[in-house]
Amino acid sequence: MFDFRLLLMLALWMTTSAALVSTELDRRYSLERVGVLRVYDNSDGLFVEPVSQAFREYFGQNGRFLIQDLGKADDVVSRSKIPYPRLIEDREILGQIARTTRSESIIRVKVLKEGTKYVFTIDWLHAPQMDGLTSETFEVPEPTQGKALGTAEIKDLVQRALDLMVSRLPFIANITGREG
């Protein structure tokens, strides 16, 4: 006859052994320190300031993340012989930027004019391998003649994209401790 007590003890042992505390895993998947790269924009920098301002406002109001200053990295990157659009796609270089700035993740923004629209792509990459955590793409039609593209509209679209991206991150809060 089968002993159910043995099965119950085995199941209990398997669940407790799987929940062992690992500070290395906590450190590895912490997403608190975020580096935001300079926006790439193939429209003569038209969207650099509104997108940057949207990021500053968004993360300024969100206490979950600490924005790392990438100023020194931006200086080095801007002097590079590699064109900026290629450079921000290079996982090795992005990993070096993350390590240098102690960022646990990097956000990369590309705004490309394609015909009569602008395509915004925001990628959130996890350091050090620069694996994609989440990505959001949206389009903004070029304004008709005589109308201007509103900065407030761009900021709102970027912040809504960030809301969606944060909701897709693997953790909703910072783990401050565990018992184990």
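Which exposed residues does the face of α4 turned away from its buried side carry? They are K72 and V76. This is a predicted model, and helix α4 is a good place to start reading it.

**Helix α4**

Helix α4 runs over residues 71-78. Its buried residues are A73, D74 and V77. They span an arc of only 100° around the axis, so they sit on the same side of α4. An α-helix has 3.6 residues a turn, so residues three or four places apart point the same way. The buried residues of α4 pack against two helices, α5 (84-87) and α6 (91-101).

**Salt bridges**

Side chains of opposite charge can pair when their charged atoms come close. The structure holds 11 salt bridges. Three of them are set out here.

| Salt bridge | Closest N to O |
|---|---|
| E89 and K110 | 2.6 Å |
| R91 and D131 | 2.9 Å |
| D156 and R160 | 2.9 Å |

Take E89 and K110, whose side chains meet in a salt bridge. E89 lies in the loop between α5 and α6, while K110 is in strand β4 (residues 105-114), so the pair ties together parts 21 residues apart in sequence. E89 is partly exposed, at 39% relative accessible area. K110 is buried, at 18%. The cut-off for buried is under 20% relative accessible area.

Next come R91 and D131, also joined by a salt bridge. This pair links distant parts of the chain: R91 belongs to helix α6 and D131 to strand β6 (residues 131-141), 40 residues apart. R91 counts as partly exposed, with 46% relative accessibility. D131 counts as partly exposed too, with 38%.

The salt bridge of D156 and R160 stays within one element. Both residues lie in helix α7 (residues 151-168), four residues apart, or about one turn of the helix. D156 is partly exposed, its relative accessible area being 37%. R160 is partly exposed as well, at 48%.

Some salt bridges share partners. In this way E89, R108, K110 and D123 are joined into one network.

**D123 and its surroundings**

Where is D123 placed? It is in strand β5 (residues 117-126). D123 counts as buried, at 10% relative accessibility. Its side chain makes a polar contact of 2.6 Å with that of S135. Leaving out residues up to four places away in sequence, D123 touches I106, I107, R108, K110, T134, S135 and M165. Two of these, R108 and K110, belong to the salt-bridge network with D123.

**The nonpolar cores**

In soluble globular proteins, nonpolar side chains tend to be buried together. The largest nonpolar core here has 28 residues. Which of them touch the most other members? They are V51, F55, I107, F120, I122, W124 and V158. At least two residues of this core come from each of β1 (33-36), α3 (48-61), β4, β5, β6 and α7. Helix α7 gives the most, with seven residues.

V158 shows how this core is joined. Setting aside neighbours within four places in sequence, V158 is in contact with V51, A54, F55, I122 and F138.

A second, separate core holds 16 residues, including A73, Y84, L94 and A127. A73 is also one of the buried residues of α4.

Technical notes: Residues are numbered from 1 along each chain as its sequence is written. This is a predicted model: local features need pLDDT of at least 70, side-chain atom pairs count only at pLDDT 80 or more; totals for chains, interfaces and linings use all residues. Side-chain values use heavy atoms; hydrogens and water are left out. Buried means under 20% relative accessible area, exposed over 50%, partly exposed in between (1.4 Å probe, protein chains only). The arc is that of the directions from the helix axis to the C-beta atoms. Contact means heavy atoms within 4.5 Å. A salt bridge is a side-chain nitrogen of Lys or Arg within 4 Å of a carboxyl oxygen of Asp or Glu. A polar contact is a pair of N or O atoms within 3.5 Å; within protein, one must be able to donate a hydrogen and the other to accept it, and residues adjacent in sequence count only if both atoms are side-chain atoms. A nonpolar core is a set of buried Ala, Val, Leu, Ile, Met, Phe, Trp, Tyr and Cys residues joined through side-chain atoms within 4.5 Å.
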